[in-house]
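Trainee: I would like to go through this structure with you and learn what each description of it rests on.

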There are 2 protein chains.
Amino acid sequence: MNASRTARERVRAELTREITDVARRQLGEVGAPALSLRAVAREMGMVSSAVYRYFPSRDDLLTALIIDGYNAVGVAVEQADAACARDDVPGRWLAACRGIRGWALAHPHEYALVYGSPVPGYRAPEQTIEPASRVAAVLGAIVSDACAAGAVDDVGASPPASFGPDAARLRETVLPGVPDGVVARSLTAWASIVGLVSFELFGQFENVITDRDAFFDHAALSLAGLIGLQVDPAPRARI
Amino acid sequence: MNASRTARERVRAELTREITDVARRQLGEVGAPALSLRAVAREMGMVSSAVYRYFPSRDDLLTALIIDGYNAVGVAVEQADAACARDDVPGRWLAACRGIRGWALAHPHEYALVYGSPVPGYRAPEQTIEPASRVAAVLGAIVSDACAAGAVDDVGASPPASFGPDAARLRETVLPGVPDGVVARSLTAWASIVGLVSFELFGQFENVITDRDAFFDHAALSLAGLIGLQVDPAPRARI
DNA sequence: CCATCCTGAGAGCGCCGCTCTTGTTTCCTA
DNA sequence: TAGGAAACAAGAGCGGCGCTCTCAGGATGG
């Protein structure tokens, strides 16, 4: 019968979820490299070999946590964006950037797992790329909406010709209706935002920046200007 | 006698250096988290406990490698900058950025150790902050020289007031004569460059950007424009 | 009701970081 | 120059790790 078969599969799914929950908690405490499959098993009252019935290796458990992390930060950014008026482009951009940073500060170890150096020899499997694009999708939608509203200045040098196919591909998914130059600068800004958060989280801004909340907002808006989003009529002065 | 005392200390220094050399080689092969003090000792024909005479813990060995990494990337960037004409600000900026990226691509594991997620529970000791500033010093000198030559546009929103003391402190070291707004945008660009390299190295640009050499150059010049470095008379078009 | 599969438990392998003890060599000094 | 202190390499060992294999018992499904 299908129901009985589902019965076993249900308890299996539940146990799988419980393992990832415990692992995520321990990840938040000790960090990814110190995450121990044995410790997870211990906390669950299992023997370590039993866990291997659910995750064939420690890396597979980490993969599950990475997917969770991408989804979590994706949800955070989506909610931050959704709380803004649709036509408030700078507000949406700032909210999304703050969403990334806020989630990162709240879950530093998960952030490091997702956006930090990949675990040794670990290669991101196929399943991670779809949740990984959630954040990019939100940022892309903001830029796309801004372009549609005519609120983007396409300034700056043109991207290299070799970027054309990449831009075309991105236009089909996350950045519809966005010209090549803005696509290139959006990718740059995206990497920049993550770079800023990483710098802050990994200690590069120690003894450099005091009020990091305010600085991040300023930097995020600067990067909005880099893309060409019309954020404020900036006074232009030559020194 | 001093010479004889130096004799022992010399062999000690030499052995210490040899350990870090072997460790750096193994780091390049297996990555930081898999770096094993025992394996280093094995390759040197020592027993593992002997290595502890030279490095009190595995973390201390990693610290030495981190310092080496900061110095190595610092040297790379310094040389890249030195090869340019002093008054070619955009050329120097691009060369320095390429220097970072080139070193990172050549030594991915060292880069990950230096700019990636910090090792679990590891806290950067005092000795790392001075070599860590070498790269920033080069980028800062380029911006400073550009400011002195009047080749910087101080455009964009003003940084928050709380950033004033930070900017003043940076003006005393790496960014003399640079106004607050340019200081803030320089920091942003610095983090952005590292973010771009990290994205590329850690796989976020997989299946997104094809010609990464060309894209990076374009992004680096975009970020030069963000700072205000006069890189090219960009045509301005509204879409 | 019985054969099949799934499951958890246990033992065990080889690795790890790190500590402690034991002889031995080197160095400084009285 | 002789003796004590310091540095040294080596070995054994502790607990923990990822992972494998075997085995007994219970749920599943014909």
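Trainee: What makes the pair formed by the side chain of A:Ser36 and a phosphate oxygen of DNA strand D a polar contact?

Mentor: In this predicted model, an N or O atom in the side chain of A:Ser36 is 3.0 Å from a phosphate oxygen of DNA strand D. A polar contact is a pair of N or O atoms within 3.5 Å, so this pair qualifies. A polar backbone atom of A:Arg58 is 2.7 Å from a phosphate oxygen of the strand, and for B:Arg12 a polar side-chain atom lies 2.4 Å from a phosphate oxygen, so these pairs also fall within the 3.5 Å cut-off.

Trainee: Which residues are the closest to DNA strand D, and how many surround it?

Mentor: The strand is surrounded by 24 residues, and the closest are A:Leu37, A:Arg38, A:Tyr52, A:Arg58 and B:Arg12. Of the atoms of DNA strand D that come within 4 Å of the protein, 53% belong to sugar and phosphate.

Trainee: How do the residues of the surface near DNA strand D divide by character?

Mentor: Ten are charged, eight nonpolar and six polar. Among the elements that each supply at least two residues of this surface are helix H2 (37-44) of chain A and helix H1 (2-30) of chain B.

Trainee: Why are the two copies said to be related as by a two-fold rotation axis?

Mentor: A turn of 180° with a shift of 0.0 Å along the axis lays chain A on chain B with an RMSD of 0.0 Å, and the copies are therefore related as by a two-fold rotation axis. Both copies use the same surface, since 100% of the contact residues of chain A recur in chain B.

How values were computed
Residues are numbered from 1 along each chain as its sequence is written. Chains are lettered from A and ligands numbered from 1 in the order in which they are written. This is a predicted model: local features need pLDDT of at least 70, side-chain atom pairs count only at pLDDT 80 or more; totals for chains, interfaces and linings use all residues. Side-chain values use heavy atoms; hydrogens and water are left out. A residue is near a molecule or strand if one of its heavy atoms lies within 4 Å of it. A polar contact is a pair of N or O atoms within 3.5 Å; within protein, one must be able to donate a hydrogen and the other to accept it, and residues adjacent in sequence count only if both atoms are side-chain atoms. Helices (H or I, at least four residues) and strands (E, at least two) are DSSP runs, numbered from the N terminus. Ala, Val, Leu, Ile, Met, Phe, Trp, Tyr, Cys and Pro count as nonpolar, Asp, Glu, Lys and Arg as charged, and the others, Gly among them, as polar. Copies are superposed by least squares on the C-alpha atoms of residues with pLDDT of at least 70 in both. Contact means heavy atoms within 4.5 Å.
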